[in-house]
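Here are my notes on the model you sent over. I went through it point by point, so read them with the viewer open.

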Protein chains: 2
Amino acid sequence: METIIIDGKKAASVLQEKLAGETALFTQATGLKPCLAAVMVGNNGASQTYVEAKMASCEKVGFESRLIRFEDNISEQNLLAEIDKLNADPTLHGFIVQLPLPKHISVDLVIDRVSPEKDVDGFHPLNMGRMAKNQPAFAPATPWGIMQLLDFYQIPTEGKNVVVLGRSQIVGLPISLLLARSGNPGNATVTICHSKTVNLQHHTLQADIIVAALGIPEFLTGEMVKQGVTIIDVGLTRLPDASKKSGYRLAGDVHFESVAPKSAAITPVPGGVGPMTITALMQNTLLAARNQLGMA
Amino acid sequence: METIIIDGKKAASVLQEKLAGETALFTQATGLKPCLAAVMVGNNGASQTYVEAKMASCEKVGFESRLIRFEDNISEQNLLAEIDKLNADPTLHGFIVQLPLPKHISVDLVIDRVSPEKDVDGFHPLNMGRMAKNQPAFAPATPWGIMQLLDFYQIPTEGKNVVVLGRSQIVGLPISLLLARSGNPGNATVTICHSKTVNLQHHTLQADIIVAALGIPEFLTGEMVKQGVTIIDVGLTRLPDASKKSGYRLAGDVHFESVAPKSAAITPVPGGVGPMTITALMQNTLLAARNQLGMA
């Protein structure tokens, strides 16, 4: 059986086209464009790249977008005051605070300050709790993108053994909740593995689906997976590579060369989960705009 | 090796004594008693028993308690208005709405209406999300009681394979989050099993610890567990039994006779998890009172 390379770019492009159509209808009905803002503190190169990609996607689907930048010496108090302004701004439907933040600023305080109704990143604890309880919520963009990728490729999850590698609040934990809860995709038997897991290979060898979200490049290798597994690779690390113009190459958490031949389906890096993350963020933003205009 | 019967009554009694001491100090410092209210709608017999047990525990540890009863024909709107009053009442530090509610009332609407600061049952999505994110939160009483029982008996969880049977919002889901997250107890490799799990026995046979919270009496039998397993039985079902005065006996989700001989440690029903649930509720109430008086 040939391995299916899951094409996140293609899925994202189809879903964004659908979203552009919904956005046009929204704009026709309201005279408004959904508006997303990104808050960036400092000059992290990777953050800059991500934010620019998000702003470009806004334009493509017919959103307004704003990039709001602060110097990396902005005080925590001033940043929180700026968030209050964004919360109160009726022309803005959703916003994200691009992570990481400088060390003198508490990420938890910042995330908790974002209005849950504008929290299109789905990082606020109220959205996390609503999602866990299977209530309407903004799910975090990466796990929500993964769910749609599974749906797009009609990969069955019900009753499947899913192993999630990593328990981060942004990916591992929410994707575990989404896949374990009632629904389709969903209804999987989910095992959450992490740095304290003993004999990890014992777990990964039993998995029908593995979601790798550890942030350790090329961690998952061929001998750790069974024949016919489906692999979702969330990792995205820049590794130095002198042979590249940029000086680096992008690596996932999966050792593609050894894992792909054993896989029924696998996401590449880049071009797998990444494009879906942005799509999910856009979808959340349109949802936020609809909610705020009472169109839910 | 002899099987340890985990004595929830003993653990609860020790922890409630500690709590009574902390409460006395609180009252000395503030001139107030922590105050817990229970809202009961209708006349469910089991609910009545639970609520009375909670009220009795309040007295034992030095709390005030109030039982607020409504007829089972109270409208949803009126119940929500009563909850608003309790939220606004400064003499009340925490309250619970005893479930189940009559069918014409939405449980989600009611739970969402309880102020998260008084939600000592830990059912509000904001508390669920804070707990998932490992932030200060009211954890639901049963899972929080289980965590303390594991701690009381010094049962190691780090790196252990834990299988949770059931994904309810009240037990299965939150105990999965608590055991998987960083901490002690915690740091376990958690597998969440449920009605859609295929080949359940395959999972339970690999478990070092099983938390049974399905609500199916005597579901887990001896051939489903490995030698040396630790069993936490959350089930509590009344089974008809003509030989008893009451006409019923209490059954857990575990078939004790066949599972206990293979277990290193096991909770009985009754007398295992139950007493810890009430203890956790009391601890949450003192915490709520401290928070509301700025003593956190």
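What covers the buried residues of helix 5 of chain B? I'll take that as the way in; keep in mind throughout that this is a predicted model.

1. The cover comes from both chains: it includes helix 5 and helix 7 of chain A, along with helix 4 (107-113) and helix 7 of chain B. The helix in question spans residues 125-132 of chain B, and eight of its eight residues are buried, so the rest of the structure largely encloses it. By name they are Pro125(B), Leu126(B), Asn127(B), Met128(B), Gly129(B), Arg130(B), Met131(B) and Ala132(B). If you scan backbone torsions, look just past the helix: Asn134(B) follows it with a positive phi, near 60°.

2. Now the contact between the chains. On the chain A side 27 residues take part, and they meet 27 residues of chain B. Helix 5 (125-132), helix 7 (172-180) and strand 6 of chain A each put in at least two residues of that side. Helix 5 of chain A gives the largest share, seven residues. By character, the side of chain A that touches chain B splits into 10 nonpolar, 10 polar and seven charged residues.

3. How are the two copies related? A rotation of 180° with 0.0 Å of shift along its axis lays chain A on chain B, at an RMSD of 0.0 Å. The copies are thus related as by a two-fold rotation axis. Both use the same surface, too: 100% of the contact residues of chain A recur in chain B.

4. The sheet is worth tracing by eye. It is open, has 12 strands and mixed pairing, and reads 1(A)-11(A)-8(A)-7(A)-5(A)-6(A)-6(B)-5(B)-7(B)-8(B)-11(B)-1(B). Strand 1 (4-5) of chain A and strand 1 (4-5) of chain B are at the edges with a single partner strand each, so one side of each has no neighbour in the sheet.

5. Where do the chains join within that sheet? Strand 6 of chain A pairs with strand 6 of chain B, antiparallel, over three bridges. Ile192(A), for one, has Val190(B) as its bridge partner in strand 6 of chain B. Helix 7 (residues 172-180) of chain B lies across strand 6 (189-193) of chain A, and also across strand 5 (161-165), strand 6 (189-193) and strand 7 (209-212) of its own chain. Its angle to strand 6 of chain B is about 165°.

6. Further along in chain B, strand 5 and strand 7 run parallel and are joined by four bridges. Leu165(B) sits opposite Ala212(B) of strand 7 there. Strand 7 of chain B also pairs with strand 8 (residues 229-233) of chain B, parallel and over four bridges. In that pairing Val211(B) stands opposite Ile232(B).

7. Which way do the residues of strand 7 of chain B point? Ile209(B) and Val211(B) go one way, Ile210(B) and Ala212(B) the other, and all are buried. As background, side chains in a regular strand alternate between the two faces of the sheet.

8. At the chain A edge, strand 1 pairs with strand 11 (residues 263-266) of chain A in the parallel sense, over two bridges. Ile5(A) faces Ile266(A) of strand 11. Ala264(A) is in strand 11 of chain A as well. With 16 C-beta neighbours inside 10 Å, Ala264(A) counts as partly exposed. Leaving out residues up to four places away in sequence, Ala264(A) touches Met1(A), Thr3(A), Ile4(A), Gly228(A), Val229(A) and Thr230(A). His203(A) is 61 residues away along the chain, with its C-alpha 18 Å from that of Ala264(A).

9. Finally, the global numbers for chain A. Its secondary structure amounts to 10 helices and 11 strands. The radius of gyration is 19 Å, close to the 19 Å from the globule rule for 296 residues, so chain A is as compact as a globular protein of that length. Along the principal axes, its C-alpha atoms fill a box of roughly 50 × 40 × 35 Å. Of its 296 residues, 49% count as buried. Among contacts in chain A with a separation of 6 or more, 69% link residues 24 or more positions apart.

Key: Residues numbered from 1 in each chain as written. Chains lettered and ligands numbered in written order. Predicted model: local features only at pLDDT ≥ 70, side-chain atom pairs only at ≥ 80, totals over all residues. Pairing = 2+ DSSP bridges. Contact = placed C-beta atoms within 7 Å. Axes fitted to C-alpha atoms, helices over the stretch in contact; angles between N-to-C directions. Nonpolar A, V, L, I, M, F, W, Y, C, P; charged D, E, K, R; others polar. Rg over C-alpha atoms; globule rule 2.2 N^0.38 Å. Buried ≥ 20, exposed ≤ 12 C-beta atoms within 10 Å, placed from the backbone. Least-squares fit on C-alpha atoms with pLDDT ≥ 70 in both.
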